[in-house]
Amino acid sequence: MTAWMVRTGHGPAHPNSGRRGTAGREDDAMSRGREASRVPSLLVGTAALLTLACGVGVAHGADGGASDVPGAHGAHGVPAAGGPAQEPGGGGDPSRTDDVAAAGGSSWMRAAGVFSPPGSFVPSDALTYDTRLVPAGARIEVTQFADPSGTRVGARLRGLMPGRAYGMHVHTSPCGADPAAAGPHYQHRPAATADPVNEVWLDFRTDEEGDGRAEALHGWGFREGGARSVIIHDRQGGAGERAACFTVPFGPHGQD
């Protein structure tokens, strides 16, 4: 985690133009000048500290570009009606950005976060358990579009190890300090084996800059509260070590 230090203060006082008055008036003028110069510095310092405390979420729009405004891009014609950031992980993650919209029996969701190790000073709903594969500061965005015909889940990632294959699946529980906290893969129908038809697999390979993306489309929807996170694995396929986790507020089919 990068720490930023904000230093406030004032430089040397500028001499007054014109004739100088008595020593008493000169002292008063210098005192007022120092107070006046201190106000902008204090305002700047306060604003910077508030920015650090509140955090800044940056998410990627549907066109792959960065957006400073949450919900600036929708999907499948559904506008992103963004509200205040949610806290699905219960940690008050200041880096998190969530948007949800619903209309005409369809729903759209976007969740974006920044990875940090468990127990970091700044809490996060995106946890990395292997900082070699998923460095602290790497970013993730997960989207879901759902309607009565099915569910489309997409993922975009930035800042991972370049040129590497990763596995990723939707899991049943929120992330925790223990990688096992996210539970097993979400399955449409309970089964003893893992497969991409009955589960949501989002395997991907990063490019030379460490960015990757994946998408999965299914003719079924999530059960209410049944899908709560995505796990990034160290290899593709149905298994692998858990390298990172992101708590995501997946929802069922859109409702009228």
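Colleague: Is E215 buried or exposed?

Modeller: In this predicted model, E215 counts as exposed, because its relative accessibility is 54% and the cut-off for that class is over 50%.

Colleague: Which residue does the side chain of E215 meet in a salt bridge?

Modeller: The partner is R152, with 2.9 Å from N to O. E215 belongs to strand β10 (residues 212-218) and R152 to strand β7 (residues 150-158), so this salt bridge ties together parts that are 63 residues apart in sequence. R152 itself is partly exposed, at a relative accessible area of 24%.

Colleague: How many salt bridges does the structure hold?

Modeller: There are 6 salt bridges in the structure. One of them joins D125 and R96, whose closest N and O atoms are 3.4 Å apart. D125 is found in the loop between β4 (106-114) and β5 (126-128), and R96 in the loop between β2 (66-67) and β3 (97-103); the pair therefore ties together parts that are 29 residues apart in sequence. Both D125 and R96 are buried.

Colleague: With which residue does R110 form a salt bridge?

Modeller: R110 pairs with E141, and their closest N and O atoms are 3.9 Å apart. The two residues link distant parts of the chain, since R110 is in strand β4 and E141 is in strand β6 (residues 139-147), 31 residues apart. R110 is buried, with a relative accessible area of 5%, and E141 is also buried, with a value of 4%.

Colleague: Which residues are joined into one network by salt bridges that share partners?

Modeller: That network consists of R96, D98 and D125.

Colleague: I should like to turn to disulfides. What is a disulfide in general terms?

Modeller: A disulfide is a covalent bond that connects the sulfur atoms of two cysteines. This structure holds 1 disulfide. C175 and C245 form it, with their sulfur atoms 2.0 Å apart.

Colleague: Where in the chain do C175 and C245 lie?

Modeller: C175 is in the loop between β8 (165-171) and β9 (204-205), while C245 is in strand β12 (residues 242-247), so the disulfide ties together parts that are 70 residues apart in sequence.

Colleague: Why is the disulfide of C175 and C245 described as left-handed?

Modeller: The reason is the torsion about the S-S bond, which is about -85°.

Colleague: Are the two cysteines, C175 and C245, buried or exposed?

Modeller: C175 is buried, because its relative accessible area of 17% falls under the 20% cut-off. C245 is buried as well, with a relative accessible area of 1%.

Key
Residues numbered from 1 in each chain as written. Predicted model: local features only at pLDDT ≥ 70, side-chain atom pairs only at ≥ 80, totals over all residues. Heavy atoms only, no water. Disulfide = S-S within 2.5 Å. Helix = DSSP H or I, 4+ residues; strand = E, 2+ residues; numbered from the N terminus. Buried < 20%, exposed > 50% of the residue type's maximum accessible area, 1.4 Å probe, protein only. Salt bridge = Lys/Arg side-chain N within 4 Å of Asp/Glu carboxyl O.
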